[in-house]
Amino acid sequence: MPLIPEEPQIHESVPGPRATPAAGRTAPTPRPVPGPGPRPAPRRPGSPGPNRGSTATPSAPAQRTAGDVARPGPPAGAAKAAPPVSSAKPAGPQLQLIPASPEGALDAADEAVDLLLDSGRAPGEILVLTTGEQHPWAAHELSFGEASYWAQQDAGDDVFYAATAARRVTARPVVVVAVNGGADDAVARALPEAMRRAGTLLIVCGDSERINTLMTAGV
């Protein structure tokens, strides 16, 4: 499974060669091509054609035949029907799974962050969560006090590392979860919460069979 979804490439259109009118000629003005429209109603036998003059005098009322049926139009001031409201729900974040052992989940998460940064993601768009032991960066920053640690999250200018159990963690476009430990019930609660915090992409690093089982039970 690829880690980074391929984004569509936008290519600028290159105009091709244009025909140049010959000397002494005026380039014809292009005319719009009419689109498909309603066909005219077929003429009844005996009725005057579009180029024939009518025999009725201007003051005489138009004569109706048995085939003519008056159809009432909409009443004046009638309100137009409102367009139907779409019930489609917005798509959630994309989910990617990177197989890794509990001991290798942190390394897999760090590699995922490196690939995200190489692909053009800004550091402040990435959040890394751990289900077991804290990431070494988080443990180091917490040694200086929680105030300075959470201030770095609020600044939003760098990758932020936290535990899945932390309640003060805010949402970011990309969330990377390292399943490096933790009880099954705690991980089952953490994965749906991580998905809610992810804006566009959720990457889970860990044992594939365990993660699939827990996400099926928790989502």
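The legends below describe an overall view and several close-ups of a predicted model.

**Figure 1. Overall view of the chain and its order of helices and strands.** Five helices and five strands make up the secondary structure of the chain. From the start of the sequence to its end, these elements run β-α-β-α-α-β-β-α-β-α. The chain has 219 residues, and 27% of them count as buried. Its accessible surface amounts to about 16,200 Å², with 56% of that area belonging to carbon and sulfur atoms. Taking the contacts between residues at least 6 apart in sequence, 73% join residues at least 24 apart.

**Figure 2. Close-up of Leu129 in strand β2.** Leu129 has a relative accessible area of 0% and therefore counts as buried. Its C-alpha lies 4.7 Å from the C-alpha of Val177, although 48 residues separate Leu129 and Val177 in sequence. Leaving aside residues up to four places away in sequence, Leu129 touches Ala162, Ala163, Thr164 and Val169. The contacts of Leu129 also include Val175, Val176, Val177 and Ala178, together with Ala194 and Arg197.

**Figure 3. Close-up of Thr131 in the loop between β2 and α2.** Strand β2 spans residues 126–130 and helix α2 spans residues 136–142, with Thr131 in the loop between them. Thr131 is buried because its relative accessibility is 14%, under the 20% limit. The side chain of Thr131 comes to 3.2 Å from the backbone nitrogen of Asn180. With residues up to four places away in sequence not counted, Thr131 touches Thr164, Val177, Ala178, Val179, Asn180, Gly181, Gly182 and Val187.

**Figure 4. Close-up of Asn180 in the loop between β4 and α4.** The loop that holds Asn180 follows β4 (172–178) and precedes α4 (184–197). The relative accessible area of Asn180 is 15%, so this residue is buried. A polar atom of the Asn180 side chain lies 2.7 Å from the backbone nitrogen of Gly132. The backbone nitrogen of Asn180 is in turn reached by the side chain of Thr131, at 3.2 Å. Apart from residues up to four places away in sequence, Asn180 touches Pro102, Ala105, Leu106, Thr130, Thr131, Gly132 and Glu133.

**Figure 5. Close-up of Leu116 in helix α1.** Helix α1 covers residues 105–118, and Leu116 lies within it. Leu116 counts as buried because its relative accessible area is 1%. The C-alpha atoms of Leu116 and Ile126 are 8.4 Å apart, and the two residues are 10 apart along the chain.

**Figure 6. Close-up of the largest pocket.** The volume of the largest pocket is about 240 Å³. Its lining is made up of 16 residues, and the closest to its centre are Thr164, Ala165, Ala186, Arg189 and Ala190. Helix α4 gives the most to this lining, with eight residues. By type, the lining residues comprise seven nonpolar, four polar and five charged. Thr164, one of the residues closest to the pocket centre, is also among the residues that Leu129 touches and among those that Thr131 touches.

Notes: Residues are numbered from 1 along each chain as its sequence is written. This is a predicted model: local features need pLDDT of at least 70, side-chain atom pairs count only at pLDDT 80 or more; totals for chains, interfaces and linings use all residues. Side-chain values use heavy atoms; hydrogens and water are left out. Helices (H or I, at least four residues) and strands (E, at least two) are DSSP runs, numbered from the N terminus. Buried means under 20% relative accessible area, exposed over 50%, partly exposed in between (1.4 Å probe, protein chains only). Contact means heavy atoms within 4.5 Å. Accessible areas come from the Shrake-Rupley method with a 1.4 Å probe; for residues, only the protein chains shown count as cover. A polar contact is a pair of N or O atoms within 3.5 Å; within protein, one must be able to donate a hydrogen and the other to accept it, and residues adjacent in sequence count only if both atoms are side-chain atoms. On a 1 Å grid over the protein atoms alone, a cavity is a set of points where a 1.4 Å probe fits but cannot get out, and a pocket is an open set with protein on both sides within 12 Å along at least five of seven lines; lining residues have an atom within 4 Å of a point. Grid points are joined across faces, edges and corners, and a volume is the space filled by probe spheres set on the points. Ala, Val, Leu, Ile, Met, Phe, Trp, Tyr, Cys and Pro count as nonpolar, Asp, Glu, Lys and Arg as charged, and the others, Gly among them, as polar.
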